[in-house]
Amino acid sequence: MMKFLVGFCILAVVAPTVFGELKCSLGNPELPTEWIDLRGDCLTAMRNQIQKEIDASYQYLAMGAHFSRDTVNRPGFAEMFFKSAKEEREHGSKLIEYLSMRGQLTDGVTDLIRTPSVQKDEWESGAEALEDALKLEIQVTKSIRKLIATCEKKPNYYHLVDYLTGVYLEEQLHGQRELAGKLSTLKKMMTNHGALGEFLFDKEL
């Protein structure tokens with residue numbers, strides 16, 4: 001073992017002198033590009049949607065962090081919003097995977113995701129946070145609908161339109177309905193029981 005280590009050290013010192021600096025100089029091979037047909041406004045809208053999903057994920061992270069504070073201590077809300085953050089991040093990842101499948105990640109990857117923005121990091125109540133979450137989901141849903149409207153103008157984008165409509169849009173609509181229902185229940189509980197209503201609601205999340 002010692003002989004091997006000594007030999008390796010000698011080789012590491014001598015090799016650059018004898019052979020010069022070793023480099024891997026493999027370039028990109030020339031391949032047919034006819035299969036890469038996702039372009040123009042649809043591609044731009046897809047890239048913008050990825051950013052919106054990441055922004056939404058960070059906003060939900062801020063919500064989860066707020067309700068995790070010891071001075072707030074609403075573990076049910078915190079878990080719900082952290083879960084939502086993960087879901088939004090997964091949405092962005094799936095869109096990136098789709099772009100890769102269509103051959104659109106060979107360049108421009110560095111500016112695909114910009115620094116996410118968080119619009120708000122404190123809430124007076126769980127009801128206020130749920131209202132903001134519902135508004136956020138509405139914004140994302142409108143953005144997806146706009147993306148679908150942009151891409152369905154091209155006949156060869158029907159696969160993407162079907163993917164967005166059947167997977168993303170349906171999930172968004174279910175998510176909006178779920179948030180609206182939770183907000184309605186919470187407001188009723190707070191009307192009848194005040195702060196205790198929010199405490200009990202948090203325990204059921």
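Let me begin with a term: pLDDT is the predictor's confidence in each residue, on a scale from 0 to 100. We need the term since what you have in front of you is a predicted model. The average pLDDT over the chain is 85, and 81% of the residues score at least 70.

That confidence is not spread evenly. Helix α4 has the highest mean, 96, while helix α1, residues 2-19, has the lowest, 45. Over residues 2-15 the pLDDT is below 50, and that stretch makes two contacts in the model beyond near neighbours in sequence. Where pLDDT is low, the predicted coordinates should not be read in detail. I will leave α1 there.

Now the overall layout. The chain has six helices and zero strands, so to read it along the sequence you just say α six times: α-α-α-α-α-α. Of its 205 residues, 36% are buried. Take the contacts between residues at least 6 apart in sequence: 78% of them join residues at least 24 apart.

Next, the core. Which elements give two or more residues to the largest nonpolar core? That core has 42 residues, and Y60, F77, F81, L130 and L160 have the most contacts inside it. The elements are α2 (40-68), α3 (75-101), α4 (126-151) and α5 (158-193). The largest share, 11 residues, comes from α4.

F77 is worth a look on the screen. Setting aside neighbours within four places in sequence, F77 is in contact with F67, G126, L130, L186, E198, F201, D202 and L205.

Now one pair of helices, α2 and α4. How do they run relative to each other, parallel or antiparallel? Their axes come within 10 Å and cross at roughly 170 degrees. An angle over 145 degrees counts as roughly antiparallel, and therefore α2 and α4 are roughly antiparallel to each other. The residues of this contact divide into 14 nonpolar, five polar and five charged. On the α2 side they include Y60, M63 and F67, and on the α4 side they include G126, L136 and V140.

Last, a single residue from that contact. S143 lies in helix α4. Is S143 buried or exposed? The cut-off for buried is under 20% relative accessible area. S143 has 14% relative accessibility, so S143 counts as buried. Leaving out residues up to four places away in sequence, S143 touches Q49 and K52. Both of those are among the α2 residues that meet α4.

That is the end of my part.

Technical notes: Residues are numbered from 1 along each chain as its sequence is written. This is a predicted model: local features need pLDDT of at least 70, side-chain atom pairs count only at pLDDT 80 or more; totals for chains, interfaces and linings use all residues. Side-chain values use heavy atoms; hydrogens and water are left out. A nonpolar core is a set of buried Ala, Val, Leu, Ile, Met, Phe, Trp, Tyr and Cys residues joined through side-chain atoms within 4.5 Å. Buried means under 20% relative accessible area, exposed over 50%, partly exposed in between (1.4 Å probe, protein chains only). Helices (H or I, at least four residues) and strands (E, at least two) are DSSP runs, numbered from the N terminus. Contact means heavy atoms within 4.5 Å. Axes are lines fitted to C-alpha atoms, for helices over the stretch in contact, and angles run from 0 to 180 degrees between N-to-C directions. Angles under 35 degrees count as roughly parallel, over 145 as roughly antiparallel, 65 to 115 as roughly perpendicular and the rest as oblique. Ala, Val, Leu, Ile, Met, Phe, Trp, Tyr, Cys and Pro count as nonpolar, Asp, Glu, Lys and Arg as charged, and the others, Gly among them, as polar.
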